[in-house]
Amino acid sequence: MQAVRDLVQALDQARPEDLPAVATRVAAGLGVLDIELFLVDYGQVELLPLAREHGGQGEPVRIDGTLAGRAYTSGEPVRAGSPGDERIWVPVVSGADRLGVLAAHLGTPPGGVPAGDDAEVLRDLLALAAAFAGIVATRRTYGDALERTRRRLPMQLAAEIIWNQLPPLTFATSDAAVAAILEPCYDVGGDAFDYAINECVLHVAVFDAVGHGIAASALTSLAISAYRNARRCGLDLVDTYRSVDKWVHAQYPQDYVTAILGELDITTGIYRKISAGHPEELLLRDGRLVRTLPAPTALPLGLGYLGDPMPLVSEERLEPGDALLLYTDGVTEARTEDGEQFGVDRLVECVKKALADQLRPAETMRRLVRTLLTHQRDQLQDDATAVLLTWTPSGNV
């Protein structure tokens, strides 16, 4: 309880950059020598330590092939070392959004309280990691320290515009989950995604604006804002499409945005969507591709005036455990130096393997993006976005 009181008191007026000092103060109350907070970088390649006020910043830790990385990818604590020099890595997760890990060096600090038994220490660290997850999620908008920590490379302005619009990469309820990737994360332009849960409906959308750079990111930003405005006004899918289409055409009459606008009823599994000139979704069941969904069902956003004013809404009834993969053409059209495309087959195989390994949706998508970047030697020629939507109704998880 003293550690909890210390945490609450220290955070009363704490800045984002004060979090390492807060962790050090709390460590003594938990009976551990030291606590360090690592945040995941935008590309989910490394865990980056939050700089200490007087001790500088420690070394980054690779996610793949390390104990800290195992805690991050598995969502479970990892313990290693010998008595007197033992460490525990605990995942820091806000809801389903993976933010990083908390590293604790076990041992009684001078003047500190003795640690409890192993189960008690682990329980305390899990509670502390949950507290820090909430703190990071809320405090990162109040300053730049956490944002600077997460960036391995300078972020281009076009990417800054897009990332400031996006929801967290991962979201989950007991009935459904959404996990997304966005690359190149420091230089993305026209790709984006969005989602929201309203009562029993999970809204999901993927956008791909024509062009590149700031012009494309500004166009995408308008499309996202118009989509959210229509959704929050309670418009149905058809009227949402028409509203976004109207605004894109009015502000960018020479351009357009391809998109998927979808809705999943998490109580029935009915998925309804409009595919505005966008690649088809992939329906996966029991680790295999069942079929692709109808696409397109409408003209791209901004070009709706050229076709039927009533776009077609297609419907699919999912089965418990089904997954839908939404993606932009930058995923399947990623090429090697000799011109070999990544392709739909390789995309399906990558996701199938991850699902067969019973990975969580967020880790499935992280591995997909690593495979995609390896295919094109870390130099994507186009933006690449993918969203994995899974339906696991209560009692069927």
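1. Q44 sits in the loop between β1 (32-40) and β2 (46-49). In this predicted model, Q44 has a positive phi of about 55°, although Q44 is not a glycine. Most residues other than glycine have a negative phi. The relative accessibility of Q44 is 9%, so Q44 counts as buried.

2. A positive phi also occurs at Q358, with a value of about 60°, and Q358 is not a glycine either. Q358 lies in the loop between α10 (343-356) and α11 (361-375). Is Q358 buried or exposed? With a relative accessible area of 73%, Q358 is exposed, whereas Q44 is buried.

3. The helices on either side of the Q358 loop, α10 and α11, have axes that come within 9 Å and cross at roughly 140°. The crossing of α10 past α11 is right-handed. On the α10 side, the residues in contact are R346, L347, C350, V351, A354 and L355. They meet T364, R367, L368, T371 and H375 of α11.

4. Two cis peptide bonds deserve a look. Most peptide bonds are trans. The bond from E183 to P184 is cis, with omega near -5°. P184 is found in the loop between β8 (176-183) and β9 (191-198). The bond from A295 to P296 is cis as well, with omega near -10°. The place of P296 is the loop between β14 (288-292) and β15 (314-317).

5. The β1-β2 loop also holds Y42, and the β8-β9 loop holds Y186. How is a pair of aromatic rings described? The distance of the centres and the angle of the planes are what is given. For Y42 and Y186, the ring centres are 6.2 Å apart and the planes stand at 65°, so this pair is edge-to-face. The edge-to-face class applies because the planes are over 60 degrees apart, at 65° for this pair. Both Y42 and Y186 are buried. Because these two residues lie in separate loops, the pair ties together parts that are 144 residues apart in sequence.

6. The Y42 and Y186 rings do not stand by themselves: ring pairs link Y42, W163 and Y186 into a cluster. In the whole structure, 5 aromatic pairs are found. R150 lies over the face of Y42, at 4.0 Å from the ring centre.

7. How many disulfides does the structure hold? The number is 0. For C185, the closest cysteine sulfur is that of C350, 17 Å away, which is too far for a bond. A disulfide would need the two sulfur atoms within 2.5 Å. C350 is one of the α10 residues that meet α11. C200 is likewise in no disulfide, with the nearest cysteine sulfur, that of C233, 20 Å away. As for their surroundings, C185 is buried at a relative accessible area of 4%, while C200 is partly exposed at 28%.

8. D382 belongs to the loop between α11 and β17 (384-391). Its relative accessible area is 26%, so D382 is partly exposed. Which residues does D382 touch, not counting residues up to four places away in sequence? They are E183, P184, H212, D329 and G330. Two of these, E183 and P184, are joined by the cis peptide bond of point 4. The C-alpha atoms of D382 and T258 are separated by 14 Å, and the two residues are 124 residues apart along the chain.

9. P60 is placed in the loop between β2 and β3 (61-62). At 39% relative accessibility, P60 counts as partly exposed. Leaving aside neighbours within four places in sequence, P60 is in contact with E46, L47, L48 and P49. These contacts fall within β2, which spans 46-49. From P60 to D357 the distance is 27 Å, C-alpha to C-alpha, and the two are 297 residues apart in sequence.

Methods:
Residues are numbered from 1 along each chain as its sequence is written. This is a predicted model: local features need pLDDT of at least 70, side-chain atom pairs count only at pLDDT 80 or more; totals for chains, interfaces and linings use all residues. Side-chain values use heavy atoms; hydrogens and water are left out. Helices (H or I, at least four residues) and strands (E, at least two) are DSSP runs, numbered from the N terminus. Buried means under 20% relative accessible area, exposed over 50%, partly exposed in between (1.4 Å probe, protein chains only). Rings of Phe, Tyr and Trp (its six-membered ring) pair if their centres lie within 6.5 Å; planes under 30 degrees apart count as stacked, over 60 as edge-to-face and the rest as tilted. A charge sits over a ring if NZ of Lys or CZ of Arg is within 6 Å of the ring centre and within 35 degrees of the ring normal. Axes are lines fitted to C-alpha atoms, for helices over the stretch in contact, and angles run from 0 to 180 degrees between N-to-C directions. A crossing is left-handed if the near helix is turned anticlockwise from the far one by less than a right angle, and right-handed if clockwise. Contact means heavy atoms within 4.5 Å.
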